[in-house]
Amino acid sequence: MTYRVVWFKRDLRLHDHAALAHAATQGPVLCLYIVEPGLWAQPDAALQHFEFVRESLTELHQDLQALGGSLQVRVGPAVQVLAALHAQAPFAELVAHEETGNAFTYERDLQVGAWCRSAGVGWTEWAQFGVVRRLKSRNTWQARWEAHMAAPQAVLPDLHFFHAPDHSGPEAMTLPPGLQHNPAQRQRGGRRLGLETLHSFLDARALSYRGGISSPLTSPTACSRISAYLAYGCISMREVVQATRAALDALPPQAGRHKAGLIGFISRLYWHCHFIQKLESEPEIEWRNMHRGYDGLREDGWNDTHFAALTSARTGWPMVDACVVMLYETGWLNFRMRAMLVSVAAYPLWLDWRPVGHWLATQFLDYEPGIHWSQLQMQSGTTGINTTRVYNPIKQAQDHDPKGIFVRRWLPHMRRVPDTWLF
């Protein structure tokens, strides 16, 4: 029987899943997730990422079972897994969403493409975000982003499933060796929680978006908090944009503050894809200074003591240390405080952005390579384009935590320090 393999990667949902919708119109499908040991051995991988994926896959598997199918989970290098599956039960086409990931996934996709050509298997990829593969000119990008977001969401036809022998589901996901860091208070994976988080923001929390996202005190509720669900594709960017615009249109004229929050949120959804497009077009910004004139600026002056102070929350700047502790405990931090951490690492501590970036990638549950590496370079001043930004951690504390509530929450040893000396 001819069938198609739908390869799930960072698109862990059924709703608005263009790859699955396409494959299902062609005949039976096999839904596949590959646990790649090489991917989980990368320096930007953490246990919290693995567990979030496992939680999301468990829900996806249940959703497929409700439709009469299942999610097949196999372990190994992608090419080996696909080749073994093809030898066992030949398939006509591999279908997936495009992925703008790290250097490992970039090379892996090149290898998968070569294998598909050699095996006579078609490989079709669909856009996941408003990111354009092989974009020739940035002048056309915004219009293409708008067209993608305005297009109808992919609707699944009736699904017919191909069940391969020796099938196993998410229970096959054994923990890769060496993975660490799984914050007790992190968000949990799955589409249902992603939708709950999105709609709680659109319906109510967006009221605090303007003016609430800069302070680490107010941002945990004022921010949308859907970033991890977007990063792993539990919800699609297109459905988020369309839901936000629908919520905006439904508001009465007097809801000015609510409208302002949603408008500001849409602008950040746009920038989300803008930065991923940068990595798509220039993959080397993950490991090389965007402006080569900065080569050698910090690389040769690495200071293990400074890095240890930063990562162990012992820099002596209470706002910095409190942010690091919050990351350890929750896996999340608002954008301004992330930028402050990178700025402190880059300037007063004079640390190269690459090792700092790998550490922070493991700390951020919502790690998205395109956004992450662009921001690491922007805040470290190595782009040659953006104005240098140096965040003063004392000023940030005075501006965004004037009573020391945040600092004392995450640094218990500071609770007996008088306000005068707190920062």
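Trp-350 lies in the loop that links helix 15 to helix 16 (353–363), and in this predicted model its phi is near 55°, a positive value in a residue other than glycine. Beyond that loop, the model offers an open sheet of 5 strands, a pocket of about 1100 Å³ and a buried aspartate, Asp-16. Here is a friendly tour, topic by topic.

**Two residues with positive phi**

- Most residues other than glycine have a negative phi.
- Trp-350, with phi near 55°, has a relative accessible area of 35%, so this residue is partly exposed.
- Arg-225 has a positive phi as well, near 70°.
- The loop that holds Arg-225 runs between helix 9 (219–222) and helix 10.
- Arg-225 counts as buried because its relative accessibility is 16%, below the 20% cut-off.

**The sheet**

- The 5 strands form an open sheet in the order 3-2-1-4-5, and their pairing is parallel.
- Strand 3 (71–75) and strand 5 (122–126) are the edge strands; each has a single partner, so one side of each is left without a neighbour in the sheet.
- From one strand to the next, the twist averages 30°.
- Between strand 4 (residues 93–97) and strand 5, the parallel pairing extends over 5 bridges.
- Within that region, Glu-93 stands opposite Gly-122 of strand 5.

**Helices against the sheet**

- Helix 1 packs on the sheet, where it touches strand 1, strand 2 (29–35), strand 4 and strand 5.
- The direction of helix 1 makes about 155° with that of strand 4.
- Helix 4 (residues 78–88) lies across strand 1, strand 2, strand 3 and strand 4, and it runs at about 145° to strand 2.

**Asp-16 and its surroundings**

- Asp-16 is found in the loop between strand 1 (4–8) and helix 1 (18–26).
- With a relative accessibility of 3%, Asp-16 counts as buried.
- The side chains of Asp-16 and Ser-236 are joined by a polar contact of 2.7 Å.
- Leaving aside residues up to four places away in sequence, Asp-16 touches Gln-153, Ala-154, Ser-236, Arg-238 and Glu-239.

**The largest pocket**

- The volume of the largest pocket is about 1100 Å³, and 40 residues line it.
- Nearest the centre of this pocket are Arg-268, Asn-334, Phe-335, Arg-338 and Ile-371.
- Five helices are listed as supplying at least two lining residues each: helix 8 (209–212), helix 10 (227–231), helix 12 (256–281), helix 15 (335–346) and helix 17 (369–380).
- Helix 12 gives the most to this lining, with 7 residues.

**Cavities**

- Across the whole structure, 4 cavities of 30 Å³ or more are found.
- The largest cavity has a volume of about 290 Å³ and a lining of 21 residues.
- Lying nearest the centre of the largest cavity are Arg-10, Leu-39, Trp-40, Glu-99 and Tyr-232.
- Strand 1 and strand 2 each supply at least two residues of the lining of the largest cavity, as do helix 2 (37–40), helix 3 (47–66) and helix 5 (103–119).

Key: Residues numbered from 1 in each chain as written. Predicted model: local features only at pLDDT ≥ 70, side-chain atom pairs only at ≥ 80, totals over all residues. Heavy atoms only, no water. Helix = DSSP H or I, 4+ residues; strand = E, 2+ residues; numbered from the N terminus. Buried < 20%, exposed > 50% of the residue type's maximum accessible area, 1.4 Å probe, protein only. Polar contact = N/O pair within 3.5 Å; in protein donor to acceptor, adjacent residues only side chain to side chain. Contact = heavy atoms within 4.5 Å. Pairing = 2+ DSSP bridges. Axes fitted to C-alpha atoms, helices over the stretch in contact; angles between N-to-C directions. 1 Å grid on protein atoms, 1.4 Å probe; cavity = no way out; pocket = protein on both sides within 12 Å on 5 of 7 lines; lining within 4 Å. Points joined across faces, edges and corners; volume = space filled by probe spheres on them.
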